[in-house]
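Me: I would like a close look at one residue of this model, followed by its surroundings and the rest of the assembly. Please keep it plain.

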Amino acid sequence: MTNTPLTTQGAGRTGDKVFSGAALAAGCLILAVLFGVALFLVVQALPALVAPPDKIQGGHGFFAYIGPIVVGTLIAAVIALVIATPIAIGVALFISHFAPRRLASGLGYVVDLLAAIPSVVYGAWGAAFLAKEIAPAYEWMASNLGWLPIFQGPASATGKTILTAGIVLSVMVLPIITSISREIFLQTPKLHEEAALALGATRWEMIRMAVFPFARPGVISAVMLGLGRALGETMAVALVLSSGALTASLIQSGNQTIAAEIALNFPEASGLKVNTLIAAGLVLFVITLGVNMVARWIITKHKEFSGAN
Amino acid sequence: MKATRYGRKAALAVIAAGALALTACGSDNATGTNANTQSAAAMKVTGTLTGIGASSTGAAMDAWKAGFAAANQGATVQYSPDGSGAGRKAIIDGSAQFAGSDAYLKDDELASSKAKCGPEGAINVPVYISPIAVAFNLPDVKELKLDAPTVAKIFRGEVAKWNDPAIAALNPDAKLPDLKVTPVNRSDDSGTTSNFTDYLASAAPEVWTDKAAGVWPASLKGENAKGTSGVVKTVTDTPGAVTYADDSAVSGKLGTAQIKVGSEFVKISADAAAKAVEAGKPVDGRAANDVAIKLDRKTTVSGAYPVVLVSYHVVCTTYDKKETADLVKAFESYVVSDEGQKVAADAAKSAPLSKSLQTKAKAAIDSIKAKA
């Protein structure tokens with residue numbers, strides 16, 4: 001009779017041990033995988049990094065090859081974020097604070113659905129539809145805003161430019177930023193909001209004073225996740241962008257992103273070319289790591305301003 | 001369970017019936033290549049053959065796989081379209097039994113193939129010829145006459161408008177529009193680009209100063225798109241755009257250029273492409289059974305269309321096992337046979353190999369042997 005509680009206790013301890021062991025294993029596994037990926041990239045990239053400059057595509061060494069592509073990757077990602085962030089925050093705020101409840105849940109669902117569309121579909125849409133439709137707008141920009149270096153003509157006749165790629169990317173990162181921001185906005189303590197309203201704040205002032213300070217770190221990490229997706233997006237850019245040398249103008253063909261460069265050239269690559277492309281992958285890996293570290297740093301720096309404490 | 005079992009039986013029956021039907025077709029059609037079919041059938045090959053290589057021959061490869069499997073019960077061919085470079089690497093390190101490649105083995109690759117492919121190394125067998133069209137989107141203009149220097153200038157972005165004197169001089173009768181020329185090239189590394197730039201570099205060296213390569217020269221401004229379908233789609237959507245693409249992929253809406261060869265202009269066709277390959281020379285320093293062809297892009301042979309892609313199957317001269325050697329011989333014999341070339345032409349609209357090339361290819365395949 002007295003054995004029963006003992007056994008259950010024993011079983012409880014076993015369960016505890018198994019679970020903590022499994023959790024530890026999962027934690028270690030992710031580190032091991034990350035380390036394995038990094039190791040693979042470094043080992044495979046090494047021949048390209050130490051090869052004589054004239055053997056690398058372009059003939060001026062690896063860094064001359066990768067430099068413009070890195071800049072192109074950043075340009076595309078920045079365009080995507082500049083377009084997507086305000087829209088995403090607006091949509092998230094509307095869902096969390098403005099929309100009637102029934103509309104809000106439906107809208108949230110629709111935004112999440114955007115994330116379920118495969119990137120190749122976005123790419124096909126961008127290449128087959130958006131580029132063609134947007135070309136006249138580029139023509140207009142070139143003739144009216146051409147004095148700005150980023151809108152310098154002659155505009156691309158096909159519309160397959162880095163700006164089009166950026167727009168497609170912005171649609172792709174929109175659901176990530178929106179759904180995370182929405183969750184964060186919803187977590188704002190009700191007491192803070194009510195206090196702000198009680199002090200006579202309008203709804204917008206309440207959002208500015210109570211919701212934004214509380215949500216800032218969360219929104220920043222949402223944007224950084226979006227940036228990660230924009231940096232690494234491959235298929236959509238490969239299909240949409242008419243790539244080329246680094247170009248300041250966003251409405252001419254040109255520029256290239258790392259992920260698209262790898263996807264386009266890997267299938268037919270051999271020898272040192274493979275190493276070069278893997279080295280490009282390593283560079284993207286490092287950039288993404290850097291972006292995430294900066295994001296962490298910003299979040300910890302802003303923690304004290306958050307309404308959470 | 002029961003339903004699936006019946007389903008499976010039914011499927012098997014269908015496959016068997018299909019295979020029977022196809023074999024029947026095969027023996028009907030094989031009048032010209034009686035010897036080939038007979039030797040292949042007599043061998044009774046079974047097993048699995050693994051190939052890696054070019055994606056350009058994908059459609060033809062699927063047709064060959066199906067046709068070969070139907071004619072040889074128990075024999076299957078697996079082909080992984082990882083790219084020409086990957087294929088050549090795989091045959092050298094022995095991980096594939098044959099490779100598909102848009103270029104023949106280089107001399108150093110041939111030397112390193114001797115480790116796995118016997119003392120004579122690997123050989124190249126031409127299996128697929130595809131003419132590359134210069135396709136353009138011009139309202140009201142379906143045919144243009146162009147020579148190599150003009151094509152080179154167009155793709156280098158040195159011709160601004162379609163009514164440029166350089167084009168007008170070659171086309172006195174055409175109504176050329178005052179439209180911007182937008183050259184579109186492949187954004188991915190491809191055998192089509194490599195053959196097209198090889199043509200330009202050989203036939204118009206004074207204009208095309210870059211080397212022939214699978215990647216479009218980065219220094220050139222111009223639009224690009226991914227894959228053959230990508231460039232064709234982009235050009236179809238953009239008036240004034242021009243590209244190069246496998247003839248089979250060019251849609252009816254686009255015009256194709258006649259290319260100046262010698263003193264005449266040649267319209268693109270399978271026959272003209274085969275004629276140009278015929279005019280090529282065997283590559284220097286290769287064994288007698290290696291059918292690597294050095295294309296003469298500057299050929300003046302009447303009716304030859306020199307902008308053409310030749311795809312090879314790279315096979316070993318010696319295989320470790322007799323079964324493998326027999327399987328490779330049977331499959332490659334099928335590929336270069338009249339029937340193999342016909343199914344490829346139907347599936348991929350490639351140009352069939354000429355009779356003399358077929359004979360050379362067959363002789364090369366027959367020289368494959370197993371390690372004694």
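Does A:Asn255 count as buried or exposed, and why?

Reply: This is a predicted model, and what follows is computed from it. A:Asn255 counts as buried, because it has 28 C-beta neighbours inside 10 Å, where 20 or more are required. The residue sits in the loop that links α8 and α9 of chain A. Its backbone has a positive phi of about 65 degrees, although A:Asn255 is not a glycine.

A residue of chain B can be set beside it. B:Asp140 also has a positive phi, near 75 degrees, and is likewise a residue other than glycine. B:Asp140 belongs to a loop too, the one between β4 and β5 (143-146) of chain B. Its surroundings are another matter: with 9 C-beta neighbours inside 10 Å, B:Asp140 counts as exposed.

Back in chain A, the loop of A:Asn255 leads to α9. Helix α9(A) is mostly covered, with six of its eight residues buried. Those buried residues are A:Ile258, A:Ala259, A:Ala260, A:Glu261, A:Leu264 and A:Asn265.

The two helices on either side of that loop also take part in the contact between the chains. That contact takes 21 residues from chain A and 31 residues from chain B. On the chain A side, the elements giving two or more residues are α4 (119-144), α8 (235-240) and α9 (258-265). By class, this side of chain A has eight nonpolar, 10 polar and three charged residues.

One residue of α4 in chain A is A:Lys132. Leaving out residues up to four places away in sequence, A:Lys132 touches A:Gly159 and B:Asp237, the second of which is in chain B. A:Lys132 counts as partly exposed because it has 17 C-beta neighbours inside 10 Å. As for distances within chain A, A:Lys132 and A:His192 are 60 residues apart along the chain, and their C-alpha atoms are separated by 49 Å.

Chain A is divided into domain 1 (1-50) and domain 2 (54-305), so A:Asn255 falls within the bounds of domain 2, which come from an automatic or database domain assignment. The centres of the two domains of chain A, taken over C-alpha atoms, are 33 Å apart. Eight residues of domain 1 of chain A are in contact with 10 residues of domain 2 of chain A. The domain 1 side of this contact has seven nonpolar residues, one polar residue and no charged residues.

Chain B also has two domains: domain 1 (8-128 + 282-291 + 311-370) and domain 2 (132-275). Between them, 11 residues of domain 1 of chain B are in contact with eight residues of domain 2 of chain B. The domain 1 side divides into six nonpolar, three polar and two charged residues. Chain B as a whole contains 13 helices and 15 strands, and 54% of its 372 residues count as buried. Among its contacts between residues at least 6 apart in sequence, 73% join residues at least 24 apart.

Strand β6 (residues 182-186) of chain B is mostly covered, with five of its five residues buried. It pairs in the parallel sense with two strands: β8 (residues 241-246) of chain B over three bridges, and β7 (residues 223-225) of chain B, also over three bridges. In the pairing with β7(B), B:Arg186 has B:Ala225 as its bridge partner. The chain passes from β6(B) through helix α8 (residues 191-203) of chain B to β7(B), and this β-α-β crossover is right-handed. Towards β8(B), B:Val184 stands opposite B:Thr243.

Helix α13 (residues 355-366) of chain B allows a check on geometry. At 1.5 Å a residue its 12 residues should span 16 Å, and its end C-alpha atoms are 16 Å apart, which agrees. Its buried residues are B:Leu357, B:Gln358, B:Lys360, B:Ala361, B:Lys362, B:Ala364 and B:Ile365.

Last comes another lysine, B:Lys114, in the loop between α5 (107-112) and β4 (122-136) of chain B. B:Lys114 counts as partly exposed because it has 16 C-beta neighbours inside 10 Å. Not counting residues up to four places away in sequence, it touches B:Pro119 and B:Gly121. B:Lys114 and B:Leu254, 140 residues apart in sequence, are 46 Å apart from C-alpha to C-alpha.

Technical notes:
Residues are numbered from 1 along each chain as its sequence is written. Chains are lettered from A and ligands numbered from 1 in the order in which they are written. This is a predicted model: local features need pLDDT of at least 70, side-chain atom pairs count only at pLDDT 80 or more; totals for chains, interfaces and linings use all residues. Two residues are in contact if their C-beta atoms, placed from the backbone, lie within 7 Å. Helices (H or I, at least four residues) and strands (E, at least two) are DSSP runs, numbered from the N terminus. Ala, Val, Leu, Ile, Met, Phe, Trp, Tyr, Cys and Pro count as nonpolar, Asp, Glu, Lys and Arg as charged, and the others, Gly among them, as polar. A residue is buried if 20 or more other C-beta atoms lie within 10 Å of its own, exposed if 12 or fewer, and partly exposed in between; C-beta atoms are placed from the backbone. Two strands pair if DSSP finds at least two bridges between them. A crossover is right-handed if, with the strands pointing away from the viewer, the path from the first strand over the helix to the second runs clockwise. The expected span of a helix is 1.5 Å times one less than its number of residues.
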